[in-house]
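Here are some exercises to work through with the model open in your viewer. Try each task yourself before you read the solution.

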Amino acid sequence: MILEITSAEKLLFDTPPTILFRCNQTLRTLQGTGKVESIHSGGSTVVNEDQQKLLRYRWLIFATLALGYLFVYFHRLSLSVVAEELAVEFGTSAGSLGFLGSVYFYCYALMQFPAGLLSDSIGPRKAVSAFTVVASVGSLLFGLAPNLRTAFAGRFLVGLGAAMVFIPTMKILSRWFHPKEFAFVSGILNAVGGLGILAATWLLARWTTAFGWRVSFELIGGISLGIAALVWFVVRDRPEAKGWEPLTASSLVPQETQNPAAAISLRQGIGHVLRSPQFWLFSLWSFVNYGIFFGFGALWSGPYLMHVYGMSREQAGSVLSLIAWGMIFGSPALGFLSDRVFGSRKKPLIGCALAMTVELGFLRIFPSGLPTWALMLFFLLFSISSSSTVVIAFTAVKELFPIEIAGTALGSLNLFPFLGGAVAMPLLGRLLDRHASTSTAFGYPPEAYTALLSCLFFSSLLVLGCTMFVRETYKN
């Protein structure tokens, strides 16, 4: 008999890969007994042997690239745990330490456009491998730095290398996963970034206590070098490199009607994006929102807990690990609420901005004396309301523009979060220096951090104002 599967698309894209594979094995067994002559879906084979290999191998590629992305987030937030040691080691002020932290973000922001060009010219696999080596060298140099100038050079190389991971990774995954799977895969990748934050807070604090901050960063440099080798030997730019047919030509992918709209040139696309007031509103939101998150969460939150609450490095790392858990669980939760509960992009953005304003206002009023559980709750909610919102904001910007220029819009927007972090870190550091007349040995009094929290609170009001005027894009 002929076994006809009339809902192959639902089977392939609504079913977990392990269950799909078992179903396919069962069907093949039936075919081997002679009871089933062939397996069809609208006349085409559902899954053949090469396609089974493709479905399995692409998750190995994803895991390898996700491991590299984990260390991108690790480097992004790593200075918050070792900030005090760096200041004492190099005899520097909070302002200079803020500039040291901002070097990563300047490199990351300025490399967003070249990242796409290099991915197209030399290939995304080569780009990820080569620049992960650059980040590895930067981490080793940072750990060996005899002075602040060398430490700046090390962080520059780390930022340069880390900047070339995300965009090439997205390009590779777009060739190994269908668009209907891509949002799910992107969500998992963002959650892996949360694990990188966990490593940068909880794990790094323990390594620093056990081995010292220098050995810890040298160790990270060695691990990064191993990841670069793993990417080179495991990852392939496209299925054809393994001798398999392209995913878009495979029977795994349902055939869809193509949009016959005329192609939009790169120059026209950029002009269309830059002329949009909504794009600049989202850009301002990204700049300020992530300035708050990176400036406080990625650098000054650690010294705040150690100076105001007298926490040890390990205790501060444990509290700050809630930033990671907020991102791991908050990103998919906000995406679900936006899609399935509110049916809105604007409502979750307003809600998160309001929550962040209330949280920072509360911490501004009570900068000290809070129990540990309250601090943990604060950083959990702070992460969800500031960092996890990237899922909704980038989706909204994508929906603002025709699909032909969505990549241009997202690439342009991705510049502003890291510029915000680059500006906020030294700015907040100088604010601490200005209000720290009684500081000794890099210890700042509660009054200095009260001024910092005031700046963050008023900045959050600007974020809230931006969300009030963004356009609802869910219907698009």
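**Exercise 1. Find the residues that line the second largest pocket, then sort them by helix and by class.**

Solution, step by step. This is a predicted model, and the lining is read from its atoms.

- Start with the list: Phe287, Val288, Gly291, Ile292, Gly420, Val423, Ala424, Leu427, Leu428, Cys455, Leu456 and Ser459 line this pocket.
- Next, assign helices. At least two lining residues come from each of α13 (277-308), α19 (415-434) and α20 (446-469). Helix α19 has the largest share of the lining, with five residues.
- Now sort by class. Nine of the lining residues are nonpolar and three are polar, while none is charged.
- Finish with the size: the volume of the second largest pocket is about 170 Å³.

**Exercise 2. Turn to enclosed space: how many cavities of 30 Å³ or more does the whole structure hold, and which residues line the largest cavity?**

Solution, step by step.

- The search returns two cavities of that size.
- The largest cavity encloses about 80 Å³.
- Its lining is made of Gly68, Phe71, Val72, His75, Thr132, Ala135, Ala162, Val165, Ser224 and Ile227.
- Two or more of these residues come from each of α3 (49-77), α7 (124-144) and α11 (213-234). Helix α3 contributes the most, four residues.
- By class, the lining holds six nonpolar and four polar residues, and no charged ones.

**Exercise 3. Classify the ring pair Phe71 and Phe74, then do likewise for Trp280 and Phe416.**

Solution, step by step.

- For context, the whole structure contains 35 aromatic pairs.
- Take Phe71 and Phe74. Their ring centres are 6.0 Å apart and their planes meet at 55°, so this pair is tilted. An angle over 60 degrees would have been needed for edge-to-face.
- Place this pair in the fold: Phe71 and Phe74 are both in helix α3, three residues apart, or about one turn of the helix.
- Check burial against the cut-off of under 20% relative accessible area. Phe71 is buried at 12%, and Phe74 is buried at 2%. You have met Phe71 already, in the lining of the largest cavity.
- Now take Trp280 and Phe416. With 5.9 Å from centre to centre and 80° between the planes, this pair is edge-to-face.
- Trp280 belongs to helix α13 and Phe416 to helix α19, so the pair ties together parts 136 residues apart in sequence.
- As for accessibility, Trp280 is partly exposed at 41%, whereas Phe416 is buried at 15%.

**Exercise 4. Which rings have the charged ends of Arg76 and Arg125 over them?**

Solution, step by step.

- Arg76 lies over the face of Tyr108, 4.8 Å from the ring centre.
- Arg125 has its charged end over the ring of Trp232, at 3.9 Å from the centre.

**Exercise 5. List the salt bridges, and say which parts of the chain each one links.**

Solution, step by step.

- Begin with the principle: side chains of opposite charge can pair when their charged atoms come close.
- The count is three salt bridges.
- Arg313 pairs with Glu85, and their closest N and O atoms are 1.9 Å apart. Arg313 is in helix α14 (residues 313-341) and Glu85 in helix α4 (residues 79-90), so this bridge ties together parts 228 residues apart in sequence. Arg313 is buried, at 18%, and Glu85 is buried too, at 19%.
- Glu89 pairs with Arg214, with 3.0 Å between the closest N and O atoms. Here helix α4, which holds Glu89, is linked to helix α11, which holds Arg214, across 125 residues. Glu89 is partly exposed at 42%, and Arg214 is partly exposed at 22%.
- Glu399 and Arg345 meet at 2.7 Å, N to O. Glu399 lies in helix α17 (residues 390-400) and Arg345 in the loop between α14 and α15 (346-365), 54 residues apart. Both Glu399 and Arg345 are buried.

**Exercise 6. Is Ala448 buried or exposed, and what separates its C-alpha atom from that of His435?**

Solution, step by step.

- Locate Ala448 in helix α20.
- Its relative accessibility is 0%, so Ala448 counts as buried.
- The C-alpha atoms of Ala448 and His435 are separated by 4.9 Å, with the two residues 13 apart along the chain.

Notes. Residues are numbered from 1 along each chain as its sequence is written. This is a predicted model: local features need pLDDT of at least 70, side-chain atom pairs count only at pLDDT 80 or more; totals for chains, interfaces and linings use all residues. Side-chain values use heavy atoms; hydrogens and water are left out. On a 1 Å grid over the protein atoms alone, a cavity is a set of points where a 1.4 Å probe fits but cannot get out, and a pocket is an open set with protein on both sides within 12 Å along at least five of seven lines; lining residues have an atom within 4 Å of a point. Grid points are joined across faces, edges and corners, and a volume is the space filled by probe spheres set on the points. Ala, Val, Leu, Ile, Met, Phe, Trp, Tyr, Cys and Pro count as nonpolar, Asp, Glu, Lys and Arg as charged, and the others, Gly among them, as polar. Rings of Phe, Tyr and Trp (its six-membered ring) pair if their centres lie within 6.5 Å; planes under 30 degrees apart count as stacked, over 60 as edge-to-face and the rest as tilted. Buried means under 20% relative accessible area, exposed over 50%, partly exposed in between (1.4 Å probe, protein chains only). A charge sits over a ring if NZ of Lys or CZ of Arg is within 6 Å of the ring centre and within 35 degrees of the ring normal. A salt bridge is a side-chain nitrogen of Lys or Arg within 4 Å of a carboxyl oxygen of Asp or Glu.
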